[in-house]
Amino acid sequence: EIHERLVGSEMCIRDRTSDVMLSASDRPKKIQSFYGNGSDVLVVSNHINAGGGDGAEIIYALRNNDKFAKKLATEFENAGQSVRKYYQRRLPSNPAKDYYYIMRDTPNNETVIVEYGFADTISDANLIKNDWEKLAEAVTKAIVEYAGGKYVAPLDSNYYTVKSGDSLWSISRKFGVTVNDLKKVNNLSSNWLSIGQNLIIPGKKNNTCLLYTSPSPRDAHES
């Protein structure tokens with residue numbers, strides 16, 4: 001899903017389209033064989049967590065700041081997934097090095113590990129199973145906008161992008177649905193919205209793309 005959406009954004013990307021068995025040492029080499037070791041290369045390693053807990057996590061390399069990780073966290077929250085934290089992790093035997101080999105062995109690249117949720121937690125497992133497209137779209141949006149591109153919402157989308165002054169009440173009136181339906185389908189626990197947030201509108205189908213560029217999300221007002 002992320003691969004297809006990034007291809008559609010005309011960004012220069014590389015992803016695998018089938019299962020390939022690679023050793024830990026071969027994976028970073030494969031990545032860098034495509035685009036090299038430059039600081040302008042984003043490496044996103046996607047995972048599902050386990051071991052107890054709930055929510056998404058994003059780990060970013062010691063050499064990088066938290067801007068990309070924070071953007072990913074914001075888009076996850078906009079998609080209805082809670083975020084435990086975004087953080088860096090150091091190798092116990094050498095705190096100057098990253099804990100994860102994918103970060104140690106892709107020096108200079110901007111590398112993040114994205115944990116979408118916990119497979120052994122019912123709420124996370126159900127969210128990943130039922131709303132995986134929303135989560136993939138959240139990562140797509142974060143990548144495109146962080147890289148300076150123009151995000152294009154999916155064709156035939158049932159999404160609506162929150163604009164300044166929007167509220168759940170005004171959006172529900174616009175599309176003839178109830179506020180409760182909007183909250184339920186988007187896993188919202190409150191009436192607060194953020195500018196740039198994507199909401200699923202039950203029954204809404206468009207045949208055109210929604211084009212926008214979004215700065216860091218700001219709070220819209222509460223309905």
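How many helices and strands are there in the protein? In this predicted model, the protein has seven helices and 10 strands. Of its 223 residues, 41% are buried. The accessible surface comes to about 12,300 Å², and carbon and sulfur atoms hold 48% of that surface. Among the contacts with a separation of 6 or more, 73% are between residues 24 or more positions apart.

## The four-stranded sheet

One open sheet in the protein consists of four strands in the order β1-β6-β2-β3, and its pairing is mixed. Strands β1 and β3 stand at the edges with a single partner strand each, so one side of each has no neighbour in the sheet. On average, neighbouring strands of this sheet are turned by 15° against each other, direction ignored.

As a general point, the strands of a sheet pair through backbone hydrogen bonds, in either a parallel or an antiparallel sense. Both senses occur around β6. Seven bridges join β1 and β6 in the parallel sense, whereas β2 and β6 run antiparallel and are joined by four bridges.

Individual residues show how these strands are set against one another. Leu42 stands opposite Glu110 in β6, and the bridge partner of His47 in β6 is Glu115. Glu115 in β6 also has Glu57 opposite.

Strand β6, which spans residues 110-118, is mostly covered, with nine of its nine residues buried. Ile113 is placed in this strand. Its relative accessibility is 4%, and because buried means under 20%, Ile113 counts as buried. When neighbours within four places in sequence are left aside, Ile113 is in contact with Ser45, His47, Glu57, Ile58, Ile59, Tyr100, Ile102 and Met103.

## Helix α3 and its surroundings

Helix α3 covers residues 67-78 and has 12 residues. From its first C-alpha to its last it reaches 17 Å, close to the 16 Å expected at 1.5 Å a residue.

Is α3 mostly covered or mostly uncovered? The helix is mostly covered, since nine of its 12 residues are buried. The buried residues are Phe68, Ala69, Lys71, Leu72, Ala73, Thr74, Glu75, Phe76 and Asn78. They pack against several elements, including three strands of the sheet described above, β1 (42-49), β2 (56-60) and β3 (83-87). Strand β6, helix α5 (122-146) and strand β9 are also packed against by these residues.

One separation links the helix region of the sequence to the sheet. Ala69 and Ile113 lie 44 residues apart in sequence, and their C-alpha atoms are 9.1 Å apart in space. Ala69 is among the buried residues of α3, and Ile113 belongs to strand β6.

After α3 comes Gly80, which has a positive phi near 100°.

## Asn186 and its contacts

Gly80 is also one of the residues touched by Asn186. Where is Asn186 placed? This residue is in the loop between α7 (179-185) and β9 (198-200). Asn186 is buried, with a relative accessible area of 1%. Its side chain reaches the backbone oxygen of Leu182 at 2.8 Å. Not counting residues up to four places away in sequence, Asn186 touches Gly80, Lys134, Asn198, Leu199 and Ile200.

## Asparagines with positive phi

Two asparagines have a positive phi although neither is a glycine: Asn108, at about 85°, and Asn187, at about 55°. Asn108 is found in the loop between α4 (101-104) and β6, and Asn187 in the loop between α7 and β9. The table sets out the accessibility of these residues together with that of the two buried residues discussed above.

| Residue | Relative accessible area | Class |
|---|---|---|
| Asn186 | 1% | buried |
| Ile113 | 4% | buried |
| Asn187 | 38% | partly exposed |
| Asn108 | 44% | partly exposed |

Asn186 and Asn187 are both placed in the loop between α7 and β9. Within that loop, Asn186 is buried, whereas Asn187 is partly exposed.

Note on methods:
Residues are numbered from 1 along each chain as its sequence is written. This is a predicted model: local features need pLDDT of at least 70, side-chain atom pairs count only at pLDDT 80 or more; totals for chains, interfaces and linings use all residues. Side-chain values use heavy atoms; hydrogens and water are left out. Helices (H or I, at least four residues) and strands (E, at least two) are DSSP runs, numbered from the N terminus. Buried means under 20% relative accessible area, exposed over 50%, partly exposed in between (1.4 Å probe, protein chains only). A polar contact is a pair of N or O atoms within 3.5 Å; within protein, one must be able to donate a hydrogen and the other to accept it, and residues adjacent in sequence count only if both atoms are side-chain atoms. Contact means heavy atoms within 4.5 Å. Accessible areas come from the Shrake-Rupley method with a 1.4 Å probe; for residues, only the protein chains shown count as cover. The expected span of a helix is 1.5 Å times one less than its number of residues. Two strands pair if DSSP finds at least two bridges between them. Axes are lines fitted to C-alpha atoms, for helices over the stretch in contact, and angles run from 0 to 180 degrees between N-to-C directions.
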